[in-house]
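Me: Could you help me learn to read a protein model? I would like to go through it feature by feature.

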Amino acid sequence: MATKNYCSSKFKQQNDGALKESCVRLLPPPPAPDSRLYIRRKKNHPPVMASKDADPSLGYLTRKDTEVKLPRPTRVKNKTPAPIQITAEQILREARERQEAEIRPPKQKITDPTELADYRLRKRKEFEDVIRRVRWNVSVWIKYAQWEESQKDFNRARSVWERALEVDYRNHTLWLKYAEVEMKNKFINHARNVWDRAVTLLPRVDQLWYKYIHMEEMLGNVAGARQIFERWMSWMPDQQGWLSYIKFELRYNEVDRARAIYERFVQCHPKVGAWIRYAKFEMKNGEIVRARNVYERAVEKLADEEDSEQLFVAFAEFEERCKETERARCIYKFALDHIPKGRAEDLYRKFVAFEKQYGDKEGIEDAIVGKRRFQYEDEVRKNPLNYDAWFDYIKLEESVGTKGRIREVYERAIANVPPAEEKRYWQRYIYLWINYALYEELDAGDMERTRDVYRECLKLIPHEKFSFAKIWLLAAQFEIRQLNLKGARQILGNAIGKAPKDKIFKKYIEIELQLGNIDRCRKLYEKYLEWAPENCYAWSKYAELERSLSETERARAIFELAITQPALDMPELLWKAYIDFEISEGEYERTRGLYERLLDRTKHLKVWISYAKFEASAMENDGDLDMPEDGVPEHDHEAKKGCVQRARRVFERAINYYRTSAPELKEERAMLLEEWLNMESSFGELGDVSVVQSKLPKKLKKRKQITSEDGGVSGYEEYIDYVFPEENQATNLKILEAAYKWKKQKLSSDDE
């Protein structure tokens, strides 16, 4: 080996010299002294550069002179593939075949001690030179020490190791290599000394402890290894160190010692994994009581930890293996009650599987409910304002029937008040309160809690901005069911005062009407009309109430007051109700007066038709007909004719209005004539259809242009036009007049 290293170093020196010579040959020669690149100053003065771009490091040449000019790449004219393709594998194989043999230094054999001493001296000098340059490089020290070891000079090797440790004693690799050298060469006490110093200086490097213990155990020094473990445990290493100590004791069947180490282990690392390992150790040794005791102590200390779910699952599985299903079920239920729902996913899954295997129908249902409960908890945790999830969650709890849980979920749900005071955000939320109150009243039977729920809900709603009539009415109806009429009236009165609504007025009036309190109904209608004077429904219902009480004059006065209002939401219904009221009372003259007053306000087609039908039907309502004994009724023929004439006059007025004042409403006029024709047909002998037929229009199908947005013509549309007789006659007169003018002009031109 020495001969080989010596020869290689010598060959390297020769190669380095040859390389330098070849590099010198490749450089351009320096210019001659009389070259134009030099200017001589005085004697003994160095030449100066004549060019500004010349660089002394390049032999006073310019950068351009030293640039390597590569040949221009030849353009490939024929780009078609060659007939014989060469693969990358073939290229690599040919390159390998043409590669020259590696030049190796010749081997040198050392034959006498003098040559060996020279070799060692030279090698040590090389190592020392390198160390002086790179003293911090650990690999150099290791190579130096290993070389000394290869020369069997162990004292020098130890010296090198010690010097290296003085440079960087924190590098545990040095300690490992040093100790391995001592062990390899069977210097046991030296190795112990090295390991002892290493673990004293670097007690947090676990590898040093492992190697030291392994050495002692391989030597059969169990007591020494145990002592080293005790020294290591005093530094409280990680879990793997404790587990290694336990495995060491178990290898020598020291179960009691291992149990004592486990006790110290769980005190040093009070984690769920440590306690589970301890319990499994006891279970493996058949100590079921001890294992259960370990689990119980772990639950007492770690029940509130984040990873306590694993502990409960392991405890339940332990009881399950011990055939203690009731204990396992109690553990699962205890865990589900104490662990937050967001961390109990695996626990729920295990519990469902357990119940499916060991439980009855009720147990399986409880497990499934628990799993669904976990899902709902996850949903409401992600978005507390998702009221649909709360409804589903409440429905699930109500199906189980636990009052405490149901109330808890209701309270949590109603605590999520919508962030904005806008009615659209409150529309789903308010039903949580309604369902809560209905549950307390119908299922729980707690009336005081129901009353409190309604009261708190009404306090929470911002009535200045919006309100919910449903809540007011439900609260009042609840008080009525409890025979608390005063409380119901108080609630509805507050509703009218804070947030009056149509529903509240209607329901309050209905309640008082059912109780027979007419004066209260009248007061409520007055409040109703003061709040909404344009509400035709309220006016009609108020008048209907008075009519039902046979207060005709009061009803008529209410109608008169209603139609004089400046603004009404549905005036046609109000007028119709007033007219029907007068007709039912037999006041035909008043009815005609109402129709005339209505026509002063509007000339709508339906008003004309209704007026005409009233006049036509008035003859049937003019009192009861007297039937003689022979079965022939005694009709007042003249009165009947008068009714027909009045109906015709109404139609004629309407036709005259459409012809003169609204000629553009041709379709309405045609519909009016059709109604008149049908009525004349229904009169029988008294009717005259010819009066209407002469006025009927002709239907013409016409086309008109459809103008697009840009002003162009996009198409044509067909429509029905009506041509009335007077229009046709006027058209014919215009044609005759034009023909007369044309003939007159022609005669005058002939005379000329």
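Me: Is Glu305 buried, exposed or partly exposed?

Reply: Keep in mind that this is a predicted model. Buried means under 20% relative accessible area and exposed means over 50%, with partly exposed in between. Glu305 has 39% relative accessibility, so the residue counts as partly exposed.

Me: Where is Glu305 placed, and which residues form a negative surface patch?

Reply: Glu305 sits in the loop between α14 (288–302) and α15 (308–321). The negative surface patch is formed by Asp304, Glu305, Glu306 and Asp307.

Me: What about backbone angles: which sign does phi have in most residues other than glycine?

Reply: Most residues other than glycine have a negative phi. Here, Lys186 is not a glycine, yet has a positive phi of about 65°. Lys186 lies in the loop between α7 (172–184) and α8 (188–201), and is exposed at 70% relative accessible area. Asn253 is not a glycine either, and its phi is positive, about 60°. Asn253 belongs to the loop between α11 (239–251) and α12 (255–268), and is exposed with a relative accessible area of 65%.

Me: How many aromatic pairs does a search of the whole structure find?

Reply: The search finds 40 aromatic pairs. One of them is Phe127 with Tyr144, which is stacked: 4.9 Å centre to centre, with 10° between the planes. This pair links distant parts of the chain, with Phe127 in helix α4 and Tyr144 in helix α5, 17 residues apart.

Me: Are Phe127 and Tyr144 buried or exposed?

Reply: Phe127 is buried at 14% relative accessibility, and Tyr144 is buried at 4%.

Methods: Residues are numbered from 1 along each chain as its sequence is written. This is a predicted model: local features need pLDDT of at least 70, side-chain atom pairs count only at pLDDT 80 or more; totals for chains, interfaces and linings use all residues. Side-chain values use heavy atoms; hydrogens and water are left out. Helices (H or I, at least four residues) and strands (E, at least two) are DSSP runs, numbered from the N terminus. Buried means under 20% relative accessible area, exposed over 50%, partly exposed in between (1.4 Å probe, protein chains only). Patches are made of residues with over 30% relative accessible area and no salt bridge: like charges are joined within 9 Å, nonpolar side chains (Val, Leu, Ile, Met, Phe, Trp, Tyr) within 5 Å. Accessible areas come from the Shrake-Rupley method with a 1.4 Å probe; for residues, only the protein chains shown count as cover. A salt bridge is a side-chain nitrogen of Lys or Arg within 4 Å of a carboxyl oxygen of Asp or Glu. Lys and Arg count as positive and Asp and Glu as negative; His and the chain ends are not counted. The place of a charge is taken as NZ of Lys, CZ of Arg, CG of Asp or CD of Glu. Rings of Phe, Tyr and Trp (its six-membered ring) pair if their centres lie within 6.5 Å; planes under 30 degrees apart count as stacked, over 60 as edge-to-face and the rest as tilted.
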